[in-house]
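The text below walks through a few places in one protein structure. It takes some helix packings, a ligand site and two points in the backbone in turn.

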Amino acid sequence: MWRDRNDSQYVAESKLHAHMSYGRDGDLDGVPQPFQAIPNVPLLTNGQMVDDIPPEQHALVPSFMGGGGKRIHPLPYADPNLPVQPRSMDPSKDLAAYGYGSVAWKERMESWKQKQERLHQMRNDGSGKDWDGDGDDADLDLPLMDEARQPLSRKIPIPSSQINPYRMIIIIRLVVLGFFFHYRVMHPVPDAFALWLISVICEIWFAMSWILDQFPKWLPIERETYLDRLTLRFDKEGQQSQLAPVDFFVSTVDPLKEPPLVTANTVLSILAVDYPLDMVSCYVSDDGAAMLTFEALSETSEFAKKWVPFCKRYRLEPRAPEWYFQQKIDYLKDKVEPNFIRERRAMKREYEEFKVRINALVAKAQKVPEEGWTMQDGTPWPGNNVRDHPGMIQVFLGQSGGHDVEGNELPRLVYVLREKRPGYNHHKKAGAMNALVRVSAVLSNAPYLLNLDCDHYINNSKAIKEAMCFMMDPLVGKKVCYVQFPQRFDGIDRHDRYANRNVVFFDINMKGLDGIQGPIYVGTGCVFRRQALYGYDAPKSKKPPSRTCNCWPKWCFCCCCCGNRTNKKKTMKPKTEKKKRLFFKRAENQSPAYALGQIDEAAPGAENEKAGIVNQQKLEKKFGQSSVFVASTLLENGGTLKSASPASLLKEAIHVISCGYEDKTDWGKEIGWIYGSVTEDILTGFKMHCHGWRSIYCIPKRAAFKGSAPLNLSDRLNQVLRWALGSVEIFFSNHCPLWYGYGGGLKCLERFSYINSIVYPFTSIPLLAYCTLPANLVCRRGNLSLRSLATLPASGSCHFLSAFLLQAFWKRDGVVLGIDDWWRNEQFWVIGGVSSHLFAVFQGLLKVIAGIDTSFTVTTKGGDDEEFSELYTFKWTTLLIAPTTLLLLNFIGVVAGVSNAINNGYESWGPLFGKLFFAFWVIVHLYPFLKGLVGRQNRTPTIVIVWSILLASIFSLLWVRIDPFLAKNDGPLLEECGLDCN
Ligand SMILES: O=c1ccn([C@@H]2O[C@H](COP(=O)(O)OP(=O)(O)O[C@H]3O[C@H](CO)[C@@H](O)[C@H](O)[C@H]3O)[C@@H](O)[C@H]2O)c(=O)[nH]1
Ligand SMILES: [Mn+2]
């Protein structure tokens with residue numbers, strides 16, 4: 001296996017400012033000079049293989065079909081929104097295609113009817129079961145053609161009988177809320193003004209966040225894809241496949257927290273994906289500069305030679321070996337052929353051996369040798385200094401990388417180590433993804449990308465085809481920037497104690513968004529259109545879009561935020577410079593084809609060249625100083641330079657992953673993954689939606705991708721902390737959805753949802769106030785508490801009630817979303833709220849004020865050996881203090897309240913129950929937290945207990961003594977409570 005490596009490895013020279021030497025003076029042989037790139041465009045391959053170089057000379061041969069839409073003429077077909085009956089189509093409805101009224105049409109109509117009958121018969125005998133699969137019967141061609149003309153997907157709105165009651169409840173609640181606030185604001189409580197003020201503020205905040213949360217769910221939809229039509233249309237058997245190439249990105253950073261075996265499984269599932277293999281390239285970004293990752297990948301590429309053909313032959317699911325072999329198969333029931341059983345057994349053995357090899361590598365990596373790591377060929381490992389090392393690219397497999405055991409080619413696998421230097425901001429995952437975008441543009445330039453976290457393997461090997469049903473659809477596709485799949489997880493405990501599954505988010509909120517402008521991007525399991533990542537605006541529709549705010553009060557928001565911007569803009573003249581910046585500069589944001597068109601129109605000959613040069617300069621300022629990369633951005637359908645030799649391409653790839661490459665370019669600002677937040681995903685998706693793109697939510701029956709989720713409490717809280725922190729960062733950045741991007745293509749309800757996703761951490765402050773309130777109330781006198789009590793159910797509980805009712809009306813595959821799912825969500829909302837979100841708010845403020853940078857703490861991806869042991873492991877974090885204190889406070893509150901009531905006789909029992917109810921409310925919500933705290937061994941570290949007891953007693957004393965909410969003259973001590981009730 002080391003054989004392939006030596007000849008194809010390129011370790012870049014350590015150049016701090018690589019672009020200075022690679023730039024305009026053109027010291028690269030074989031790479032076209034920057035100024036020529038525009039006139040040279042026709043040179044770029046668009047559907048041709050590079051075959052002029054003998055395979056042994058190069059590590060990599062870009063071999064791409066031009067892919068995509070151009071070759072396939074959009075066929076007329078019915079409105080995709082109309083319900084479509086698969087397979088039986090009535091030509092009389094498709095008039096345009098058949099020339100209605102002509103004799104020919106009548107004849108075809110007749111023959112269609114006959115064929116339809118025959119088909120029907122065939123299906124009834126069962127002989128035609130897979131008639132659409134092989135298509136060997138020439139008579140069946142016509143229906144097949146019809147099938148191919150049909151839309152590749154369709155929208156399924158949630159039946160109004162299900163959704164209308166829910167909408168009604170929203171409206172009713174809104175009205176009630178209005179009255180309630182009217183009452184609350186008009187009736188201040190003079191004897192406890194501070195308390196009243198605080199609770200009113202909290203309630204208003206809750207109401208606002210409720211509105212932000214509810215209205216984007218107004219118009220939920222689901223979608224259905226037709227994979228067989230996609231096959232008929234683009235991937236007919238016996239013909240060159242016309243599916244578009246896809247580049248797969250995998251990011252990994254820390255091989256200790258993200259075991260190489262996990263990454264290897266992800267990579268294997270990609271290499272074995274059900275897609276034409278020359279259309280697949282897999283890029284792995286290693287942010288940890290770990291030789292372990294590199295070597296593990298090398299092992300993986302060897303194992304793939306056996307694994308991939310095995311998967312494809314028997315159409316296994318999933319194609320990640322670890323998960324495949326964990327499945328139990330019933331040999332008797334499935335009547336599996338003996339061949340398969342034998343091979344499966346052999347493969348299992350092979351996999352075990354592979355695992356042993358990987359584990360040996362892991363064991364070896366535990367102790368760093370003094371002189372640093374050395375690779376098998378004797379050269380020192382370039383990443384020995386994790387923070388200061390050159391870039392490196394290694395190509396495994398692919399055309400020249402050896403064939404699989406059956407002699408077939410394998411998809412290309414590329415290891416990418418981007419250059420790191422002190423003094424440069426590497427932008428964490430976003431930076432890594434951008435490096436991959438550029439490397440892949442140089443090496444394969446597929447028009448579509450899929451990005452996956454290292455632990456998210458492909459669970460449904462048809463997932464890419466599902467995405468292509470949207471992307472390659474001539475009608476729907478052009479405006480789609482990405483297709484997001486829900487995140488699903490393995491190995492979550494049955495009760496999903498810490499709401500890892502996020503069911504409410506993935507099965508309700510996201511479907512709601514899909515009915516507006518599309519789901520938000522969640523960082524993994526997402527197929528992108530490459531052009532959308534380059535900061536271009538979505539293509540404009542031919543007919544002027546009647547883009548009214550697609551639902552609820554349009555008169556209210558449209559005037560200010562969405563409306564018919566695209567048309568209005570041409571006539572609008574922003575007055576100030578600042579205002580101008582807010583609006584998207586159309587001309588510069590046009591897609592490349594348009595940009596080229598402009599040049600052609602400009603002037604012939606020398607003039608034309610000059611325009612080309614100017615344009616080229618502009619593009620280089622935007623995309624960075626790589627003529628190869630810039631040229632690649634102009635190819636809407638992908639493909640790479642035909643003329644360039646693989647060696648020069650690799651050199652260029654090294655250049656584009658150098659540190660200084662992004663200096664003074666638009667990377668991370670307008671292009672690629674956007675920087676400035678540890679939740680780069682929200683920002684990146686937000687930017688695209690602002691450019692007018694729409695995204696699609698795709699939920700195949702079999703989960704497309706599966707990942708691992710943090711199982712123990714501390715990891716989970718830290719993950720939630722990072723997400724919340726990312727949101728706070730966005731809130732304070734110039735990309736804050738509250739102010740940013742008006743006048744772009746962002747629809748108002750979509751904006752609501754983005755606002756919600758960045759302001760939610762702030763809800764922790766009122767939430768904290770509310771959680772201490774009941775305890776506080778318990779310790780005070782009767783008459784006041786009654787009034788304050790009345791406020792609690794109104795806002796707090798309503799928030800939950802409506803969320804609850806929502807579940808009742810929504811069905812998923814005919815099953816009502818479980819109450820427990822909803823309840824976990826609520827519980828974790830409180831737990832995360834009073835710990836992680838709260839911390840995030842302060843940390844975010846610190847960042848803004850003191851400029852302390854935030855770190856991306858990677859979540860530990862569980863090994864798969866011990867079942868749920870992780871669930872009970874306890875790790876100390878400061879995040880635990882706040883909820884523990886709250887728990888104790890409320891316990892103390894209950895005890896104090898009860899003893900009070902016993903002392904004071906029956907009249908104080910009524911209010912007591914009210915108070916206890918809320919203390920109870922807090923405790924019940926924090927219950928999973930309590931469980932996590934106690935762990936399996938029923939032991940909690942003393943430090944947490946000591947801290948919390950200390951804090952809780954201080955607070956209780958403070959409240960009792962100082963009684964901040966009461967006017968001075970009527971703040972009796974706890975002991976006097978009830979004795980002196982006015
Ligand atoms: O400097 C870094 C840090 C992280 N990663 C990768 O980022 C991914 C996500 O990290 P993880 O610790 O698993 O975070 P999660 O909270 O589980 O991830 C969710 O949230 C992240 C945003 O916070 C998104 O980036 C992820 O896609 C999304 O799955 C992993 O593949 C890492 O290898 C890098 O490549 N470079
Ligand atoms: Mn993760």
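At what angle do helix H8 and helix H28 pack, and how far apart are their axes? In this predicted model, H8, which spans residues 193–214, packs on H28, residues 748–759, at an angle of about 135°, and the two axes are 8 Å apart. That angle makes H8 oblique to H28, since only angles over 145 degrees count as roughly antiparallel. The crossing of H8 past H28 is left-handed. On the H8 side the contact is made by Trp205, Ser209, Ile211, Leu212 and Asp213, while H28 contributes Phe752, Ile755, Asn756 and Val759. Sorted by class, the residues of this contact are six nonpolar, two polar and one charged.

H28 also packs with a second helix, H26, which covers residues 680–690. Here the angle is about 160° and the axes are 12 Å apart. H26 and H28 are therefore roughly antiparallel to each other, and H26 passes H28 in a left-handed crossing. Ile682, Gly685, Phe686 and His689 of H26 meet Glu750, Tyr754 and Ser757 of H28. Which classes do these residues fall into? The contact of H26 with H28 divides into three nonpolar, three polar and one charged residue.

A further pair is formed by helix H14, residues 428–443, and helix H25, residues 646–656. Their axes come within 9 Å and cross at roughly 165°, so H14 and H25 are roughly antiparallel to each other. H14 passes H25 in a right-handed crossing. From H14 the contact takes Arg438, Val439, Val442 and Leu443, and from H25 it takes Leu649, Leu650, Glu652, Ala653 and Val656. Seven of the residues in the contact of H14 with H25 are nonpolar and two are charged, with no polar residue.

The next stop is the ligand. How many residues surround ligand 1, and which are the closest? There are 24 of them, and the closest are Lys429, Asp453, Glu680, Thr859 and Lys861. Oxygen atoms of ligand 1 also pair with polar atoms of the protein. In the case of Arg722, a polar side-chain atom lies 2.8 Å from an oxygen atom of ligand 1. For Gln719, an N or O atom in the side chain is 2.9 Å from an oxygen atom of the ligand. With Val253 the partner is a polar backbone atom, and the distance to an oxygen atom of ligand 1 is 3.3 Å.

Two points in the backbone remain, and each is in a loop next to helix H11. Where is Ala289 placed? Ala289 is in the loop between strand E5 (280–286) and H11. Its phi is near 45°, a positive value in a residue other than glycine. The other point is the peptide bond from Glu317 to Pro318, which is cis, with omega near -15°. Pro318 is in the loop between H11 (291–314) and helix H12 (321–326).

Terms used:
Residues are numbered from 1 along each chain as its sequence is written. Chains are lettered from A and ligands numbered from 1 in the order in which they are written. This is a predicted model: local features need pLDDT of at least 70, side-chain atom pairs count only at pLDDT 80 or more; totals for chains, interfaces and linings use all residues. Side-chain values use heavy atoms; hydrogens and water are left out. Axes are lines fitted to C-alpha atoms, for helices over the stretch in contact, and angles run from 0 to 180 degrees between N-to-C directions. Helices (H or I, at least four residues) and strands (E, at least two) are DSSP runs, numbered from the N terminus. Angles under 35 degrees count as roughly parallel, over 145 as roughly antiparallel, 65 to 115 as roughly perpendicular and the rest as oblique. A crossing is left-handed if the near helix is turned anticlockwise from the far one by less than a right angle, and right-handed if clockwise. Contact means heavy atoms within 4.5 Å. Ala, Val, Leu, Ile, Met, Phe, Trp, Tyr, Cys and Pro count as nonpolar, Asp, Glu, Lys and Arg as charged, and the others, Gly among them, as polar. A residue is near a molecule or strand if one of its heavy atoms lies within 4 Å of it. A polar contact is a pair of N or O atoms within 3.5 Å; within protein, one must be able to donate a hydrogen and the other to accept it, and residues adjacent in sequence count only if both atoms are side-chain atoms.
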